[in-house]
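I opened this entry to record what I looked up on nonpolar packing and on cysteines. The structure is shown below.

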Amino acid sequence: MCAACWLLAAPLYASGAPDRYEAEVLLQLERVRVALGKAGYAPSHSPLVEKLARGARLSHAVALETGFDYAVVSVCDSDCDDVDIWVSDENGNNVGTDQSEDDVPVVALTPVWSGQFTIALTAPGCRAVRCTVGIGFFAQPTAPDEGRNAGLRDQTAPKTIAVMNANAAASAKY
């Protein structure tokens, strides 16, 4: 796990600074990082920030390890109100998805083997020619099962994000 990834891996921009939409997405990812940090999660990989054309699909490969519970979270700029995310294993099997009509989808997963996983996302709620999207990768060590069924792990990350979204909606639109 890379605790320093978040600080060291801010995306590089040709102009030297993010544009308005990239800054907006980075701020949202920072809010997610803080919320998940309260639940014991830390950044595990560098955040990804990309421009996504309306109707396009973004795919990104990432190595995940056993022994960690992961939360893969996506966000979108203010020209977008719905992002969908899928996670598949190295064999192409879908291991998690969030296609709810929201702009902060979360997939929580605990890999049963270490390997390459593909994160794919679309932004069906993009109202511009292109929207800026971001993906954050967070992890915490997997707790011992102590008699629990491994397939029924406590899904702390989605609950934390849901609370964060409700609080943000109740206070102000960021």
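My notes on the cores come before my notes on the cysteines.

**Nonpolar cores**

I worked from a predicted model. I looked up the largest nonpolar core and found that 26 residues belong to it. The residues with the most contacts inside this core are Leu58, Val72, Leu109, Ile119, Leu121, Val133 and Ile135. I then asked which strands each supply at least two residues of this core. They are strand 2 (48–53), strand 3 (57–64), strand 4 (68–76), strand 5 (84–88), strand 7 (106–109), strand 8 (115–122) and strand 9 (130–141). Strand 9 gives the largest share of this core, with 5 residues.

I also noted a second, separate core, which has 12 residues. Val25, Val49, Ala71 and Val104 are included in this second core.

**Contacts of Val133**

I next listed what Val133 touches, leaving out residues up to four places away in sequence. The partners are Val25, Leu48, Val49, Glu50, Leu52, Leu58, Val75, Cys76, Leu121 and Ala123.

**Cysteines**

I searched for disulfides and found 1 in the structure. Cys126 and Cys131 form a disulfide, with 2.1 Å between their sulfur atoms. Which hand does this disulfide have? The torsion about the S-S bond of Cys126 and Cys131 is about 95°, so I recorded the disulfide as right-handed. I found both Cys126 and Cys131 buried.

I then checked Cys76 and Cys80. Cys76 has 1% relative accessibility and therefore counts as buried, the cut-off being under 20%. Cys80 is buried as well, at a relative accessible area of 3%.

Technical notes:
Residues numbered from 1 in each chain as written. Predicted model: local features only at pLDDT ≥ 70, side-chain atom pairs only at ≥ 80, totals over all residues. Heavy atoms only, no water. Core = buried A, V, L, I, M, F, W, Y, C linked by side-chain atoms within 4.5 Å. Buried < 20%, exposed > 50% of the residue type's maximum accessible area, 1.4 Å probe, protein only. Helix = DSSP H or I, 4+ residues; strand = E, 2+ residues; numbered from the N terminus. Contact = heavy atoms within 4.5 Å. Disulfide = S-S within 2.5 Å.
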